[in-house]
Amino acid sequence: MTSVAIRKTPRHVRHAPAQAKISKLSIIIPCYNEESTIARLLDKVCDAELTHSIEKEIIVINDCSKDETDLILREYLEDNPEAPIVYIRHEKNRGKGASIQTGLQKATGDHVIIQDADLEYDPNEYKLLLEPIDNGHADIVYGSRFSGGNPHRILFFWHTLGNKILTLISNVFTNMNLSDAHTCYKVLPTSLLQNIPLLEKRFAFDAELNAKLSSIPNLRIYEVGISYYGRTFADGKKIRLKDAVRSIYSIVKYSVFYKNPKITALHATA
């Protein structure tokens with residue numbers, strides 16, 4: 001009978017340090033004129049199941065909506081007092097980026113995810129985004145609308161092409177190989193995001209964030225494929241050509257001309 005050698009895993013592998021687990025997720029929801037979707041979106045966020053008993057903190061920033069969004073949100077809070085929702089209202093419209101920055105000031109979770117209020121993204125997929133972090137593989141996870149086999153609504157060719165061109169430009173300047181650089185769904189360590197000086201107040205927030213993240217050494221950024229239930233402009237989609245132009249400007253500005261020593265030494269797992 002042939003004896004089989006018993007192989008032992010080297011001690012430094014067997015005793016690798018355990019990865020930090022997510023205990024609380026702060027969900028930041030910037031909202032502007034979303035009276036038709038905000039209540040349904042909050043139902044979905046509240047009902048979304050998270051693994052390992054992760055606690056939710058839902059932070060809604062109403063960016064001075066002109067419709068009935070404020071009334072609906074106040075009624076929702078009154079009807080659902082147990083929901084873990086923090087509601088903030090801007091007295092002046094300041095933009096999506098500014099709303100996210102306001103939400104970050106209130107965030108107490110160890111990780112943050114950004115959620116649009118328009119039902120284009122499905123909160124039931126939070127688990128997909130959290131998995132690479134929970135497994136210890138990633139520091140940051142992006143949800144890509146252009147990869148994976150999940151449902152994607154067929155919309156405008158030129159809008160999709162524009163997104164891919166913006167992603168290509170972002171990748172050229174940041175040296176990342178993202179497939180969807182301007183996705184809403186991003187999961188990041190709260191402490192990291194709170195220490196990045198963010199300046200863009202509107203949709204160019206994503207371009208600025210990508211550029212500044214790319215300057216931080218040793219970050220492990222992953223992508224997972226997500227569903228995308230896109231809206232048309234008739235449905236209320238707000239991003240316009242001027243936002244794309246500002247994003248290109250921001251990619252170049254923050255990748256080439258803007259150097260901030262405060263974030264070069266930061267690491268998500270530090």
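A residue is called buried here when its relative accessible area is under 20%, exposed when it is over 50%, and partly exposed in between (1.4 Å probe, protein chains only). At 28% relative accessibility, Arg220 therefore counts as partly exposed. The model is a predicted one, in which local features need pLDDT of at least 70 and side-chain atom pairs count only at pLDDT 80 or more, while totals for chains, interfaces and linings use all residues. Residues are numbered from 1 along each chain as its sequence is written, and side-chain values use heavy atoms, with hydrogens and water left out.

A general view comes first. The secondary structure of the protein comes to nine helices and seven strands; helices (H or I, at least four residues) and strands (E, at least two) are DSSP runs, numbered from the N terminus. Of its 270 residues, 49% count as buried. Contacts, meaning heavy atoms within 4.5 Å, often span long stretches of chain: among those between residues at least 6 apart in sequence, 82% join residues at least 24 apart. The protein exposes about 14100 Å², and carbon and sulfur atoms supply 55% of that area. Accessible areas come from the Shrake-Rupley method with a 1.4 Å probe, and for residues only the protein chains shown count as cover.

Helix α3 is a good place to look in more detail. Within this helix (residues 69–79), Thr69, Asp70, Leu73 and Tyr76 are buried. Seen down the axis of α3, these buried residues fall within an arc of 125°, so they line one face of the helix; the arc is that of the directions from the helix axis to the C-beta atoms. The cover over the buried residues of α3 includes β1 (24–31), α2 (38–47), β2 (55–62) and β3 (85–89). On the face turned away from the buried side, α3 carries the exposed residues Glu78 and Asp79.

The same helix leads on to the charged pairs. Side chains of opposite charge can pair when their charged atoms come close. A salt bridge is taken as a side-chain nitrogen of Lys or Arg within 4 Å of a carboxyl oxygen of Asp or Glu, and the structure holds nine of them. In one of these, the side chains of Asp70 and Arg74 meet at 3.0 Å, N to O. Being four residues apart in helix α3, Asp70 and Arg74 are separated by about one helical turn. Asp70 is buried, with a relative accessible area of 19%, whereas Arg74 is partly exposed, at 46%. Asp70 and Arg74 also belong to a network of salt bridges that links them with Arg89 and Glu91.

A second pair joins Arg220 to Asp139, with the closest N and O atoms 3.0 Å apart. Arg220 lies in the loop between α8 (205–214) and β7 (221–225), and Asp139 in the loop between α5 (126–134) and β5 (140–144), so the pair ties together parts that are 81 residues apart in sequence. Asp139, at 3% relative accessibility, counts as buried. A third salt bridge connects Glu208 and Lys212, whose closest N and O atoms are 2.8 Å apart. Glu208 and Lys212 both lie in helix α8, four residues apart, about one turn of the helix, and both of these residues are buried.

The surface has a nonpolar patch as well. Leu168, Val172, Phe173, Val256 and Phe257 form this patch, with about 530 Å² of accessible area together. Patches are made of residues with over 30% relative accessible area and no salt bridge, where like charges are joined within 9 Å and nonpolar side chains (Val, Leu, Ile, Met, Phe, Trp, Tyr) within 5 Å. Helices α6 (157–174) and α9 (241–257) each supply at least two of the patch residues, and the largest share, three residues, comes from α6. Phe257 lies in helix α9 and is exposed, with a relative accessible area of 67%.

Some buried positions complete the picture. Cys64 is buried, with a relative accessible area of 6%, and Cys184 is buried too, at 2%. With a disulfide defined as a pair of cysteine sulfur atoms within 2.5 Å, the count comes to zero disulfides. Pro189, found in strand β6 (residues 186–189), is buried, with a relative accessible area of 4%. The C-alpha atoms of Pro189 and Gly109 are separated by 8.6 Å, although these residues are 80 residues apart along the chain.
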